[in-house]
Amino acid sequence: MPREGEAYFYAFDFDGVLCDSARETGTAGLAALKSLTPDRHTEPPDGWLDNFATVRPVLETGWESVPIAHLLVTGVPPAEVLRDLHTTLKARALAEIGHDEAAVKAAFRSARDGMIQADCELWLGLHGFYKAAVEAVQHLVREGVPVFIITTKAKDFAERLLHTCGLDIPPERVFGLSSGPKPQVLARLLTERGGRCLFVEDRVQTLITVQKDEAVSSRVDLVLADWGYNTHEDRQLAQDRGVCVCSQSSLGGVLRNHPT
């Protein structure tokens with residue numbers, strides 16, 4: 001906890017903390033997959049987006065939805081994707097798709113851009129928002145508390161969606177994919193602003209990375225959002241490492257117990 005009078009600010013991940021983007025990410029991933037393999041992929045099986053939502057906790061950045069979509073529509077069980085995506089299945093999927101990571105990233109961005117250009121309202125409608133979490137952050141903003149968004153989503157997309165859910169965050173306080181890894185962004189903010197930070201994130205591995213940097217972790221209070229893209233095992237790991245595991249209903253109280 002900070003000393004009396006010490007500067008304090010708040011940082012929030014976006015996907016899995018404020019925004020539920022699983023349907024949009026899966027839809028864009030499938031569209032990109034079809035563009036890369038037009039002769040091999042037709043319509044996906046019924047319920048595939050539900051399976052995508054099940055495996056969403058292992059997706060680290062949006063473009064990985066393309067190999068995940070390939071695996072799911074070709075019949076790989078969700079449990080296998082959850083277990084083996086980053087050890088073997090992602091590389092296998094890229095080989096089967098026949099394109100390297102750079103090409104898949106470009107296709108994913110193009111597919112998402114195409115969805116927005118074709119029907120922006122439909123694209124926005126593919127996203128959901130975590131109402132209690134958004135309201136808790138809105139309260140901080142109304143109080144004039146420094147709030148930052150640190151996300152692996154492209155900055156322009158994040159800003160559109162923040163506006164949609166009613167969060168008025170200045171552009172200079174929104175850090176997107178091009179800003180670098182979240183622990184590095186936190187380190188820069190702490191250097192520039194001083195004081196301490198509370199960081200709410202839904203990926204336990206991101207929080208563990210922050211913990212490993214003692215210069216940063218000594219000045220950051222870490223919170224795992226249990227409503228986001230994580231598993232029971234992730235939440236247990238967070239607790240074992242001394243991270244606060246928070247529900248949506250208790251987020252407001254956690255924030256109120258920190259200085260504003």
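1. Let's start with aspartate 234, which sits in helix H12, spanning residues 232–240. Keep in mind as you look around that this is a predicted model. Aspartate 234 is buried, yet it has no salt bridge. Arginine 235 is the nearest side chain of opposite charge, and it lies 6.6 Å away.

2. So much for charge; what does the side chain of aspartate 234 reach at 2.9 Å? It is the backbone nitrogen of threonine 231. Leaving aside residues up to four places away in sequence, aspartate 234 touches Val204 and Leu224.

3. Next, the sheet. It is an open one, built from 6 strands in the order E5-E4-E1-E6-E7-E8, with parallel pairing. At the edges you'll find strand E5 (174–175) and strand E8 (244–246), each pairing on one side only. Helix H13 (residues 248–256) packs on this sheet and touches E1, E6, strand E7 (220–225) and E8. The direction of H13 makes about 130 degrees with that of E8.

4. For a look at one strand pair, try E1 (residues 8–12) and E6 (residues 196–201): they run parallel and are joined by 5 bridges. Within this pair, tyrosine 10 of the chain stands opposite leucine 198 in E6.

5. Now for the salt bridges: searching the whole structure turns up 14 of them. One is between lysine 153 and aspartate 15, whose closest N and O atoms are 3.4 Å apart. This pair ties together distant parts of the chain, with the two positions 138 residues apart. Lysine 153 is in the loop between strand E4 (147–150) and helix H8 (155–164), while aspartate 15 is in the loop between E1 and strand E2 (19–20). Are these two partners buried or exposed? Both lysine 153 and aspartate 15 are buried.

6. Aspartate 84 and arginine 83 also meet in a salt bridge, at 2.9 Å from N to O. Aspartate 84 counts as buried because its relative accessibility is 18%, under the 20% cut-off. Arginine 83, with a relative accessible area of 57%, is exposed, since the cut-off there is over 50%.

7. Helix H8 has a salt bridge too: glutamate 159 pairs with lysine 155, and their closest N and O atoms are 3.1 Å apart. The two are 4 residues apart in helix H8, so about one helical turn separates them. Glutamate 159 is partly exposed at 27% relative accessible area, and lysine 155 counts as partly exposed at 31%. Elsewhere, salt bridges with shared partners join Asp13, Lys182 and Glu201 into one network.

How values were computed
Residues numbered from 1 in each chain as written. Predicted model: local features only at pLDDT ≥ 70, side-chain atom pairs only at ≥ 80, totals over all residues. Heavy atoms only, no water. Buried < 20%, exposed > 50% of the residue type's maximum accessible area, 1.4 Å probe, protein only. Lys, Arg positive; Asp, Glu negative; His and termini not counted. Salt bridge = Lys/Arg side-chain N within 4 Å of Asp/Glu carboxyl O. Polar contact = N/O pair within 3.5 Å; in protein donor to acceptor, adjacent residues only side chain to side chain. Contact = heavy atoms within 4.5 Å. Pairing = 2+ DSSP bridges. Axes fitted to C-alpha atoms, helices over the stretch in contact; angles between N-to-C directions.
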